[in-house]
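Biologist: I should like a close look at one part of this model, namely its charged side chains and how they pair. Please set that part in the context of the whole fold.

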Amino acid sequence: MKSILPLTLLLLVVAFENCASNKETIRPGVSKINTGSHLAQIEAIDADLKSATLSDESRDKLIIKKGKLLLDLGRYEETITTLNQVNQAKANPVQLSEWNLAMGKAYIGKNEYSKAIQFLNQSEKLDKNTNLMERKKLVVQSLVAEREYYPALATLTKTYTKGNQKKDEFYYETAAKTYLKMGFEYKNTGFYQKGLQVANLGLEEFPNNETLKSIQKECLEVLQPEGKL
């Protein structure tokens, strides 16, 4: 792969410095919530937790539920503090897997991706079936945010190859975006070419995907002046 010529690179820096080069911020996927309902549920859980007759298992379930509600509200520090009240020694594997997943999401919310990956991986070790794709996608996004591009692509490929998982919009968007970022960071047109190729394949499946269209455009802006197509 040939390197981008210095003059062209200089012209591209301004255009891309706020896009591909910046450390990406991600957020755990949360659908639109009813804040009032969440706060009311948290208040009810706090009242239930005061019961002296509550079993350890029931108590931990309530704490995890409260943590998830706080997570939805974007109160990540409170989420972590709350979840740390769970008695991990007595929790069952599925419950612990759920706990680790919630902790991982909370650390993603705090932009602490390396910690998030540790919890997400531990969640999978405890329960390999529940929330599998959600965990894998969060790990890939966290790796990209940490600029761990090769591990991100390896994890992405393995996730969709194992079990013949059909490639969806997330796959094409993430792969194309990662190659775009690698092209900028490593100053190499070969990665832009790969990014364009993935974006084109994705647009064949999802022709209305605006993210893929944007990546396609950015790759072309680099490749066309150099006559690389």
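With which residue does lysine 61 form a salt bridge, and how far apart are the closest N and O atoms?

Modeller: The model is a predicted one. In it, lysine 61 pairs with glutamate 57 in a salt bridge, and the closest N and O atoms lie 3.7 Å apart. The pairing falls within the 4 Å limit that defines a salt bridge here. Both residues belong to helix α3, which covers residues 56-72; because they are 4 residues apart in that helix, about one helical turn separates lysine 61 from glutamate 57. Glutamate 57 has a relative accessibility of 43% and therefore counts as partly exposed. As a general matter, side chains of opposite charge can pair when their charged atoms come close.

This bridge belongs to a wider set, for the structure holds 13 salt bridges. Another of them joins the side chains of lysine 115 and glutamate 112, with an N to O distance of 3.5 Å. Lysine 115 has a relative accessible area of 39%, so it is partly exposed. Glutamate 112, at 26% relative accessibility, is likewise classed as partly exposed. These two residues do not stand alone: together with Glu77 and Lys110, Glu112 and Lys115 are linked in a network of salt bridges.

A further bridge is formed by lysine 137 and aspartate 168, whose closest N and O atoms are 3.2 Å apart. This pair links distant parts of the chain, since the two residues are 31 residues apart: lysine 137 lies in helix α7 (residues 132-145), whereas aspartate 168 lies in the loop between α8 and α9, the latter helix spanning 169-186. Lysine 137 is partly exposed, with a relative accessible area of 23%, and aspartate 168 is also partly exposed, at 22% relative accessibility. Lysine 137 can be related to one more position along the chain: its C-alpha atom is separated by 9.3 Å from that of threonine 174, and the two residues are 37 residues apart in sequence.

Charged side chains also appear in a surface patch. Lys125, Lys128, Lys158 and Lys162 form a positive patch on the surface. The residues of such a patch have no salt bridge, and each has over 30% relative accessible area. One of the four, lysine 158, is found in helix α8, which runs over residues 149-161. Lysine 158 has a relative accessibility of 57% and so counts as exposed.

The context of the whole fold remains to be given. The protein has 11 helices and 0 strands, and buried residues account for 41% of its 229 residues. The largest nonpolar core has 50 residues, and those with the most contacts inside this core are Trp99, Met103, Leu156 and Tyr192. Helix α9 supplies the largest share of this core, 9 residues. A second core, separate from the largest one, has 5 residues, among them Ile42, Ile45, Leu62 and Leu69.

To return to the request, the bridge between lysine 61 and glutamate 57 lies in helix α3, while the bridge between lysine 137 and aspartate 168 connects helix α7 with the loop between α8 and α9.

Conventions:
Residues are numbered from 1 along each chain as its sequence is written. This is a predicted model: local features need pLDDT of at least 70, side-chain atom pairs count only at pLDDT 80 or more; totals for chains, interfaces and linings use all residues. Side-chain values use heavy atoms; hydrogens and water are left out. Patches are made of residues with over 30% relative accessible area and no salt bridge: like charges are joined within 9 Å, nonpolar side chains (Val, Leu, Ile, Met, Phe, Trp, Tyr) within 5 Å. Accessible areas come from the Shrake-Rupley method with a 1.4 Å probe; for residues, only the protein chains shown count as cover. Lys and Arg count as positive and Asp and Glu as negative; His and the chain ends are not counted. The place of a charge is taken as NZ of Lys, CZ of Arg, CG of Asp or CD of Glu. Buried means under 20% relative accessible area, exposed over 50%, partly exposed in between (1.4 Å probe, protein chains only). A nonpolar core is a set of buried Ala, Val, Leu, Ile, Met, Phe, Trp, Tyr and Cys residues joined through side-chain atoms within 4.5 Å.
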